[in-house]
Amino acid sequence: MRYLFLLLIIFSFNVNTKVPEPSYGLPELASEQRIKELKTKKRAKVMTQSVARKMTNVLEALDEAGVLEQEKALLKKAKKEKEANAKDAEIDKAIAKGQRELDELKPRLPSLKSYDRSMFYYYQSYYNLAYQDKIPEAISNYLKVVQEEDTADKLRIEAYYVLSQLYLSESNFNSGVEYLLKWFKNAPEVKPDAYVLLGQAYYLLADQEKSKNKALASKQKAFNNVLEAKRIADENQIRFRENWYSLLIAAMSELELKEEQIPLYEEILELYPKKKYFVNLAGLYSDLDRPGDYTSLLKTAYTKQLLDKKSEFQ
């Protein structure tokens, strides 16, 4: 694992490639002072009593809907489709009850304390997203969560990440990147999946860029961020997911890094021995004029019964 990462880093300094310096496009992380602030226990903010009662009812409605969803899942597992589908009406009823509590509170928002408003927007955005399939409304309410002065740090940071995901789902890649960078700058801990998400955002953003230079820059950022995810995963013995490998290879292909893909494919084949990876690696060996490796790989694929077309044996 470490050998593969070092090899990729060495290649990144090859002036004949389009690969940037290793730090290019990586996000700014939370400072030590910021992490210390986040980990320091603070006096918990308290909601106004009348708002707290409303929020208790909102939470109870969510809990009720959650229990009903679990019951529905068990019925589906037992192949009782009719009974499972009947749960939808009960779930809708529970959510409607919680939404009524929020609706009753809405006219009072201008007069509420900032912290009270932040809790309203947080739960309204959750209802919008989880149960009402109202993405624009969810985005609007999550934006208000981050804008409120007295929003709890934990909720604000969570909102940054969710906003990034929502913007990306709406193909608003610039805003998706913007809020994900804010999340990186405030998150006390960063795991590989966040770097993969940022890499994916840059990869998709490249297709929207009108300038070739800007498109290349986005592809370079995509590569570096997924590579950083790989480094962190290897360092912490976290299994690198198959779709993460696919994104890293796609970014490398965009940067015309053929030979550099070979150790990565060899690693993938150890973890995910699928036909498409044998065929892709064979294609690389052929392009790089490595007939011995090409033949050996096809023999291995054949013994694993992964080749079924005549053209694949040639």
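## Helices H12 and H13

Two helices count as roughly antiparallel when the angle between their axes, taken between N-to-C directions, is over 145 degrees. In this predicted model, helix H12 (residues 261-271) packs against helix H13 (residues 275-287) at an angle of about 155°. H12 and H13 are therefore roughly antiparallel to each other. Their axes lie 10 Å apart, and the crossing of the two helices is left-handed.

Which residues of H12 meet H13? On the H12 side they are Gln 261, Ile 262, Tyr 265, Glu 266, Ile 268 and Leu 269. Their counterparts in H13 are Tyr 277, Phe 278, Asn 280, Leu 281, Leu 284 and Tyr 285.

## Leu 271 in helix H12

Leu 271 also belongs to H12. With a relative accessible area of 25%, Leu 271 is partly exposed, since that class covers values from 20% to 50%. Leaving aside residues up to four places away in sequence, Leu 271 touches Arg 239 and Tyr 245. Between the C-alpha atoms of Leu 271 and Glu 242 the distance in space is 8.4 Å, while the two residues are 29 residues apart in sequence.

## Helices H7 and H8

A second helix pair is formed by H7 (residues 153-169) and H8 (residues 173-186). The axes of H7 and H8 come within 8 Å and cross at roughly 160°. The two helices are therefore roughly antiparallel to each other, and H7 passes H8 in a left-handed crossing.

From H7, the contact is made by Ile 157, Tyr 160, Tyr 161, Leu 163, Ser 164, Tyr 167 and Leu 168. H8 contributes Phe 173, Ser 175, Gly 176, Tyr 179, Leu 180, Lys 182, Trp 183 and Asn 186.

## Aromatic pairs and a charge over a ring

The structure holds 11 aromatic pairs. One of them joins Tyr 160 and Tyr 179, whose ring centres are 6.3 Å apart and whose planes stand at 35°. This pair is tilted, because the angle is neither under 30 degrees, as for stacked rings, nor over 60, as for edge-to-face rings. Tyr 160 lies in H7 and Tyr 179 in H8, so the pair ties together parts that are 19 residues apart in sequence. Both Tyr 160 and Tyr 179 are buried.

How are the rings of Trp 183 and Phe 184 arranged? Their centres are 5.2 Å apart and their planes stand at 80°, so this pair is edge-to-face. Trp 183 and Phe 184 are both buried. Ring pairs further link Tyr 161, Trp 183, Phe 184 and Tyr 195 into a cluster. Elsewhere, the charged end of Lys 230 sits over the ring of Phe 240, at 5.6 Å from the ring centre.

## Asn 141 in helix H6

Asn 141 is placed in helix H6 (residues 135-147). Is Asn 141 buried or exposed? Its relative accessible area is 9%, and Asn 141 therefore counts as buried, the limit being under 20%. Residues up to four places away in sequence aside, Asn 141 touches Tyr 121, Gln 124, Ser 125 and Asn 128.

## Leu 74 in helix H3

Leu 74 is found in helix H3 (residues 49-77). At 59% relative accessibility, Leu 74 counts as exposed, because exposed residues are those over 50%. Leu 74 and Leu 227 are separated by 153 residues in sequence and by 40 Å in space, C-alpha to C-alpha.

## Loop residues with positive phi

Lys 79 is located in the loop between H3 and helix H4 (81-105). Phi of Lys 79 is near 60°, a positive value in a residue other than glycine. With a relative accessibility of 72%, Lys 79 counts as exposed.

Where does Asp 289 lie? Its place is in the loop between H13 and helix H14 (291-303). Asp 289, likewise not a glycine, has a positive phi, near 55°. Asp 289 counts as exposed, at 64% relative accessibility.

Terms used
Residues are numbered from 1 along each chain as its sequence is written. This is a predicted model: local features need pLDDT of at least 70, side-chain atom pairs count only at pLDDT 80 or more; totals for chains, interfaces and linings use all residues. Side-chain values use heavy atoms; hydrogens and water are left out. Rings of Phe, Tyr and Trp (its six-membered ring) pair if their centres lie within 6.5 Å; planes under 30 degrees apart count as stacked, over 60 as edge-to-face and the rest as tilted. Helices (H or I, at least four residues) and strands (E, at least two) are DSSP runs, numbered from the N terminus. Buried means under 20% relative accessible area, exposed over 50%, partly exposed in between (1.4 Å probe, protein chains only). A charge sits over a ring if NZ of Lys or CZ of Arg is within 6 Å of the ring centre and within 35 degrees of the ring normal. Axes are lines fitted to C-alpha atoms, for helices over the stretch in contact, and angles run from 0 to 180 degrees between N-to-C directions. Angles under 35 degrees count as roughly parallel, over 145 as roughly antiparallel, 65 to 115 as roughly perpendicular and the rest as oblique. A crossing is left-handed if the near helix is turned anticlockwise from the far one by less than a right angle, and right-handed if clockwise. Contact means heavy atoms within 4.5 Å.
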